[in-house]
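Biologist: Please take a close look at one part of this model for me. I would like to hear about its open and closed spaces, step by step.

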Amino acid sequence: MTALTSEQILSAIHHFDFPGQLESFARYGHGHINDTYLLQLRIGKIGTMKVILQRINTDIFQNPRELMENICNVTMWLQNKIQKAGGDAERETLNVITDKQNQSYYRDPRGNCWRAYKYITDACTYDQPLNVQDFYQSAVAFGRFQNLLSDYPADHLYETIPDFHNTLKRYNYFEKSLKEDKLGRANTAVDEIAFVKEHQNLTTLYQTKAGASDIPLRVVHNDTKLNNIMIDNLTHQGICIIDLDTVMPGYVMNDFGDSIRFGASTALEDETDLSKVNLDISAFEAYTKGFMEQCSDKLTELETSLLADGARIMTYECGMRFLTDYLDGDKYFRIARPNHNLERARNQFALLKDMDQKIDEMKAIVEKYR
Ligand code: ADP
Ligand code: GN1
Ligand code: MG
């Protein structure tokens, strides 16, 4: 995506009917995909209000109309259920703010697509859990999210990124990038490339253990990392699941696994000292407990038996995606420094190595909460 100027951002802001006067706007959050801004508005003399404005990454989400239709439908569904349960639909799910034409997003003359959300108040996102109890709470929230969408008609959702968690296709694409090696970077990632090849069996592990049709396709989030959940500042409960761009039919093991990949690591995804990167087994147990309490009754035996493998598969796939993007010239994930994607890949592979050591223990923990 091309860089944005302040004038372009201001012009986009003026196409939305936000209340009050704009006081400031600034880049916000640590997402790798969209451009997120926090807007501060002044209402009258003493009131203030915050709004989230995002430029949708249309290199990745190529059909913003379908993307926003998914998000509007899913958030309306959640708002209904939350209200029926006596909850606060303003805080417990995203709320889209339409533009002045009452559209769910605004396309500017350059083709940039903008959307706005009500700001979730009194809550934060974290790149690492503060403690095991908070991580447990995030599992409860993701398990509940799974539950609330369990009867959502999957065929009403567009596939916003085709084959998003098709690990085998991701592998094939990795091989293609490696063969092309457009930037001549392959010789700087020899060990990482070998690691991906050695773990190739993970690309079809679900299918090896089960017939493809035995694993149910469910409406899942598909990007369940900890910084996609707002944690309430006071209660420390997971109050709202955000980043709904990839809500589509998928496997529940991947949602479970991606949360573990990100939140049960002893280090940040960006950590370069690999001696610090391990699977925190007590965090794994806390997450498993919270998730299973919320939705174990909905899962088949097969799904439950594959949850721990889901963590290995998501870690492998994510590392492979970072490495592929490094080979491709950093076109997908936002980077902050050269080699960032290679470093991220190394981090994921260090984590996977530790998971490989601990997989029996992980499976025993899942059994305990079955
Ligand atoms: P990306 O797809 O780039 O990860 P996200 O939708 O996850 O974008 O947003 C990036 C960050 O912005 C989140 O991690 C969160 O900190 C913040 N954020 C997004 N939506 C909201 C919201 N409605 N209220 C408060 N913070 C938000
Ligand atoms: C991206 O959008 P964000 O930052 O929450 C990516 C995920 C990766 C993750 C790795 C749409 O998530 O698939 O697992 O980075 N999202 C998309 O941190 O590709
Ligand atoms: Mg995000």
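Modeller: Here is a walk through one pocket and then the cavities. The model is predicted, so local features need pLDDT of at least 70 and side-chain atom pairs count only at pLDDT 80 or more, while totals for chains, interfaces and linings use all residues. Residues are numbered from 1 along each chain as its sequence is written, chains are lettered from A and ligands numbered from 1 in the order in which they are written, and side-chain values use heavy atoms, with hydrogens and water left out.

Some terms come next. Work on a 1 Å grid over the protein atoms alone: a cavity is a set of points where a 1.4 Å probe fits but cannot get out, and a pocket is an open set with protein on both sides within 12 Å along at least five of seven lines. Lining residues have an atom within 4 Å of a point. Points join across faces, edges and corners, and a volume is the space filled by probe spheres set on them.

Take the second largest pocket. Its volume is about 930 Å³. It is lined by 33 residues, and those closest to its centre are Ile60, Asp325, Lys331, Tyr332 and Phe333. Three elements each give at least two lining residues: β2 (35–43), α4 (167–180) and α10 (307–328). Such helices (H or I, at least four residues) and strands (E, at least two) are DSSP runs, numbered from the N terminus. The largest share, 4 residues, comes from α10. By type, the lining has 13 nonpolar, 6 polar and 14 charged residues. Here Ala, Val, Leu, Ile, Met, Phe, Trp, Tyr, Cys and Pro are nonpolar, Asp, Glu, Lys and Arg are charged, and the others, Gly among them, are polar. This pocket lies between domain 1 (6–121) and domain 2 (132–368), because both give residues to its lining. The domain bounds come from an automatic or database assignment.

Now the closed spaces. There are 2 cavities of 30 Å³ or more. The largest cavity holds about 110 Å³. Its lining includes Leu78, Arg144 and Cys240. Two or more lining residues come from each of α2 (64–84), α3 (132–148) and β10 (238–241). The lining divides into 8 nonpolar, 2 polar and 2 charged residues. Domain 1 and domain 2 each give this cavity at least three lining residues.

The second largest cavity has a volume of about 40 Å³. Among its lining residues are Phe262, Glu269 and Leu351. Both α7 (252–263) and α11 (340–368) supply at least two, and α11 gives the most, with 3.
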